[in-house]
Number of protein chains: 2
Amino acid sequence: MSIQTRKERERAQREKLIITAARELAEAEGWEAVTTRRLAEQVEYSQPVLYSHFKGKDAIMTAVALEGFADLAAELRAARTATPDPAHALAQVGAAYVAFAERRPALYDAMFSQTVNLPFATPQAPAALHTSFNELAEAVGPHAHGADPGLLTETFWAALHGLVTLMRGGRLPREAHDRRLAILLARFTHEPASQGRL
Amino acid sequence: MSIQTRKERERAQREKLIITAARELAEAEGWEAVTTRRLAEQVEYSQPVLYSHFKGKDAIMTAVALEGFADLAAELRAARTATPDPAHALAQVGAAYVAFAERRPALYDAMFSQTVNLPFATPQAPAALHTSFNELAEAVGPHAHGADPGLLTETFWAALHGLVTLMRGGRLPREAHDRRLAILLARFTHEPASQGRL
DNA sequence: TTCCTGTTCCTAGCAGCGCTAGAAATTGGA
DNA sequence: TCCAATTTCTAGCGCTGCTAGGAACAGGAA
């Protein structure tokens, strides 16, 4: 009984170790450097041990992504609650989102770019993911002006995601990023002037 | 001399054949199915022939992407010129962009998602890419209201790109796409109501 | 303490990947 | 008809994700 729990505890610990090693390796050298061999060497176990914890490399990336959602949620929350002004809050949250993506691109990819088998936008989605989305929604909500807040949040999120990914792929010049973000914020902060048939 | 030109012509023809085969294979089974072996078999040459035309697999993907830009530009142009109303034109162009991405996801990925070594947003960028961007800019321009039209176009493009990629990755529910697009269009069609300090 | 059984782990290897050296075959002119 | 230059292919390198099968190591019973 006690032995059993000890073994389970050690196993869980080792699983955390694998996830951390994968994330660190990805953040240091990119996901293409995260091979099962290198990862196994890093955690000082053989490759099959990885497969006793995860079904495959994709599952490891998914586990890394899951950790990332919690981090992102925390940073978004900090940005949002730093100011009482709704317009400023949206700007802060938008900037925080981009900053996260720029600071931890490999992690961001695992979360939002890689084809990964995670439920999004359903109750089955991981809690940390809901939290992240809700942080965005809290910031976007005050600017809904009658539009569906959830959909508005999704749209704002998509715009941020597009800015981030196109910039990282070299499709958008980096130096104009702040101005693009300002344009986006202006369009989402103020109510559409008229006849918006949504 | 004539022999030389014939050889060059045949070589160019074969290069086209490779690009077409790569695109078709990618569109049929995804880029992960486009291996140099399968591609070589498809064009009925050995692998090293591919490398006599392209530096590597990435270069082949880049060539496929280049073809795609011309297609996209044509479809955007058709959508934009189908109506004289600026608001409607923007909606048409946005819908056409999304439709292109949804109809040809593999091609779209090569153009905008894959890490590919193409100059964007500079004079050195391929002509077809400029054309595509200009089509977007033509549709966005009328709604600039003093903002920088180029940056506004980039921002609108990023939003469309975000919607498309998040939806394809299962991050956004497909059934609400039309409403999200409508929200985006409303935000970009109408002037921000006030004090937009851009 | 010694054995036994069940678990845990590693060695070794498979099929496939992008890519390339060097031999074979083909071409076109002398 | 032969030769030189070009073109093309065969074969293989080092790597990938992944796994079968045997070795090593537990922990409980005698």
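These are my notebook entries on a predicted model, taken in the order in which I looked things up.

**Entry 1: the two protein chains**

I began with the contact between the chains, and I counted 39 residues of chain B in contact with 39 residues of chain A. Looking at which elements of chain B make up that side, I noted that α8 (149–168) and α9 (177–189) each supply at least two residues, and that α8(B) gives the largest share, with 12 residues. I then sorted the residues on the side of chain B that touches chain A by class, and found 22 nonpolar, 10 polar and seven charged.

**Entry 2: how the copies are related**

I next asked what operation superposes chain B on chain A, and the answer is a rotation of 180° with 0.0 Å of shift along its axis, at an RMSD of 0.0 Å. The two copies are therefore related as by a two-fold rotation axis. I also checked whether the copies use the same surface, and they do, since 100% of the contact residues of chain B recur in chain A.

**Entry 3: a helix pair within chain A**

I turned to helix α4 (residues 57–80) and helix α6 (residues 105–113) of chain A, which pack at an angle of about 105° with their axes 8 Å apart. Angles of 65 to 115 degrees count as roughly perpendicular, and so I wrote down α4(A) and α6(A) as roughly perpendicular to each other. On the α4(A) side I listed Met61(A), Val64(A), Ala65(A), Gly68(A) and Phe69(A), and these meet Leu107(A), Ala110(A) and Met111(A) of α6(A). By class, this contact has seven nonpolar residues, one polar residue and no charged residues.

**Entry 4: the surface near DNA strand D**

Which residues come nearest to DNA strand D? Of the 16 residues around the strand, I recorded Thr35(A), Gly56(A) and Lys57(A) from chain A, together with Ser46(B) and Pro48(B) from chain B. Among the elements, α2 (36–43) and α3 (47–53) of chain A and α3 (47–53) of chain B each supply at least two residues of this surface, and α3(B) gives the most, with four residues. The residues of the surface near DNA strand D divide into six nonpolar, seven polar and three charged.

**Entry 5: the record for chain A**

Finally I consulted UniProt, where an unreviewed entry lists residues 35–54 of chain A as "DNA-binding region". In the model, this span is 75% helix and 0% strand, and its end C-alpha atoms lie 14 Å apart. I noted beside this that Thr35(A), at which the listed region begins, is one of the residues that come nearest to DNA strand D.

Notes. Residues are numbered from 1 along each chain as its sequence is written. Chains are lettered from A and ligands numbered from 1 in the order in which they are written. This is a predicted model: local features need pLDDT of at least 70, side-chain atom pairs count only at pLDDT 80 or more; totals for chains, interfaces and linings use all residues. Two residues are in contact if their C-beta atoms, placed from the backbone, lie within 7 Å. Ala, Val, Leu, Ile, Met, Phe, Trp, Tyr, Cys and Pro count as nonpolar, Asp, Glu, Lys and Arg as charged, and the others, Gly among them, as polar. Copies are superposed by least squares on the C-alpha atoms of residues with pLDDT of at least 70 in both. Axes are lines fitted to C-alpha atoms, for helices over the stretch in contact, and angles run from 0 to 180 degrees between N-to-C directions. Angles under 35 degrees count as roughly parallel, over 145 as roughly antiparallel, 65 to 115 as roughly perpendicular and the rest as oblique. A residue is near a molecule or strand if its C-beta atom, placed from the backbone, lies within 6 Å of it. UniProt positions are given in the numbering used here, feature names are shortened, and annotations may be inferred rather than shown by experiment.
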